[in-house]
Amino acid sequence: MTERALRLGTRRSKLAMAQSGQVAQEVRRLTGRPVELVEITTYGDTSREHLAQIGGTGVFVAALREALLRGEVDFAVHSLKDLPTAQPDELLLAAVPPREDPRDVLVARDGLTFDRLPDGARVGTGSPRRMAQLNAYARTHGLRIETVPIRGNIDTRIGYVRSGELDAVVLAAAGLNRIGRADEVSETLSDDFMLPAPGQGALAIECAAVDADLAAVLGGLDDPGTRVAVTAERSLLAALEAGCSAPVGALADLLGDEEVVTEMRLRGVVGTTDGSTLVQLSTTGPVPTSHGDAIALGRELASEMLAKGAAGLMGERAH
């Protein structure tokens, strides 16, 4: 008798299907069992509102989690940056696979880099975090840009540039890499200029907490370095009491030479969407050896940021 196929819950977008397909292959390799993709439509997929208005947090995740809890799927794959920072007791974050490139990229007309965009260029993004950092960079470098709020999948967003409606859009490198469209990137934005969303470029594989056998198998896909980095980033976000709609960027890098990682640096930024005020700080210390240490690192940097005025910048949701 062949074992029943494992059911993997995924969003329907081209990117989600590509990500889930890659995970399904790995799970088949690990278990020898067939894996079938179960497509689930989430509120974030059907709502036409801007993410900042629908609250951002969890809108792409809730329907997948409900399917898990009802036993309609065995495990789910999320973009980690879409996960709310509080983990429900009934669900287990079974694995965080090795991270894709966490950085943001510019897709611009005529292959222009950010510094060469025309005066008053219209740059599309649905993310207050990206807006804050783009506008801050433009201010400090004497550039004039207009950030334009947009939504939609990768095709839709790049379409605004191809049609001439926008001069450029900012997207996550990981998404373009995963669907094989990295050749459309005009410039990879340095993380010195643009800190990504906490957890950007990483996936989260979630299953029911009671399914210990499956959790143990899925754990074979976990990458400890990625997990500790994203845990610190998300802890910073949680301590700043921010949903995904708040303009918070964070990135943890493992530092050292090629053989030995010696330290972890965590950088965080929060700002007003017009870029007039940014609070940006970093901390470097030993690589956390436990979940608790990684959380403490994020909290510590958040409290320094709050002391520097970050709290007053968090109420930017509705603008």
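In this predicted model, H78 has A204 of strand 10 as its bridge partner. That pair belongs to the contact between strand 3 and strand 10 (residues 203-208), which run antiparallel and are joined by 5 bridges.

**The five-stranded sheet**

Strand 3 and strand 10 are part of an open sheet of 5 strands, arranged in the order 2-1-3-10-4 with mixed pairing. Strand 2 (35-39) and strand 4 stand at the edges; each has a single partner strand, so one side of each is left without a neighbour in the sheet. From one strand to the next, the twist averages 35°. Strands of a sheet pair through backbone hydrogen bonds, and the pairing can be parallel or antiparallel.

The pairings in this sheet are listed below, with a residue pair for each.

| Strands | Sense | Bridges | Residue pair |
|---|---|---|---|
| Strand 1 and strand 2 | parallel | 5 bridges | G9 and V38 |
| Strand 1 and strand 3 | parallel | 2 bridges | G9 and A76 |
| Strand 3 and strand 10 | antiparallel | 5 bridges | H78 and A204 |
| Strand 4 and strand 10 | antiparallel | 4 bridges | A95 and I205 |

G9 appears in two of these rows: G9 stands opposite V38 in strand 2 and opposite A76 in strand 3. Strand 1 itself covers residues 6-10.

**Burial in strand 3 and strand 10**

In strand 3 (residues 75-79), 5 of the 5 residues are buried, so the strand is largely enclosed by the rest of the structure. Its side chains divide between two directions: F75, V77 and S79 point one way, while A76 and H78 point the other way, and all are buried. Strand 10 is mostly covered as well, with 6 of its 6 residues buried.

**Helix 4 against the sheet**

Helix 4 (residues 62-69) has A63, L64, R65, A67 and L68 buried. These buried residues pack against strand 1, strand 3, strand 4 and strand 10. Just after helix 4, G71 takes a positive phi of about 80°. An α-helix has 3.6 residues a turn, so residues three or four places apart point the same way.

**The three-stranded sheet**

Another open sheet is formed by 3 strands in the order 11-12-13, with antiparallel pairing. Strand 11 (248-256) and strand 13 (278-286) stand at its edges with a single partner strand each, so one side of each is left without a neighbour in the sheet. Neighbouring strands here are turned by 15° against each other on average, direction ignored.

Strand 12 (residues 261-271) runs antiparallel to strand 13, and 9 bridges join the two. R265 has T284 of strand 13 as its bridge partner. Helix 10 lies across strand 12 and strand 13, and its direction makes an angle of about 40° with strand 12.

**The second largest pocket**

Helix 10 also takes part in a pocket lining. The second largest pocket holds about 390 Å³ of space. Its lining is made of 16 residues, and T85, T231, R234, H291 and I295 lie nearest the centre. The elements that give two or more residues to this lining are strand 4 (91-95), helix 9 (224-239) and helix 10 (291-307). Helix 9 gives the most, with 7 residues. By residue class, the lining divides into 8 nonpolar, 5 polar and 3 charged.

T231 is one of the residues nearest the pocket centre, and its place is in helix 9. With a relative accessible area of 13%, T231 counts as buried, because the cut-off for buried is under 20%. Leaving aside residues up to four places away in sequence, T231 touches H291, A294 and I295. Of these contacts, H291 and I295 are also among the residues nearest the centre of the second largest pocket.

Strand 4 connects the two parts of this description: strand 4 stands at an edge of the five-stranded sheet, and strand 4 also gives two or more residues to the lining of the second largest pocket.

Note on methods: Residues numbered from 1 in each chain as written. Predicted model: local features only at pLDDT ≥ 70, side-chain atom pairs only at ≥ 80, totals over all residues. Heavy atoms only, no water. 1 Å grid on protein atoms, 1.4 Å probe; cavity = no way out; pocket = protein on both sides within 12 Å on 5 of 7 lines; lining within 4 Å. Points joined across faces, edges and corners; volume = space filled by probe spheres on them. Nonpolar A, V, L, I, M, F, W, Y, C, P; charged D, E, K, R; others polar. Pairing = 2+ DSSP bridges. Axes fitted to C-alpha atoms, helices over the stretch in contact; angles between N-to-C directions. Contact = heavy atoms within 4.5 Å. Buried < 20%, exposed > 50% of the residue type's maximum accessible area, 1.4 Å probe, protein only.
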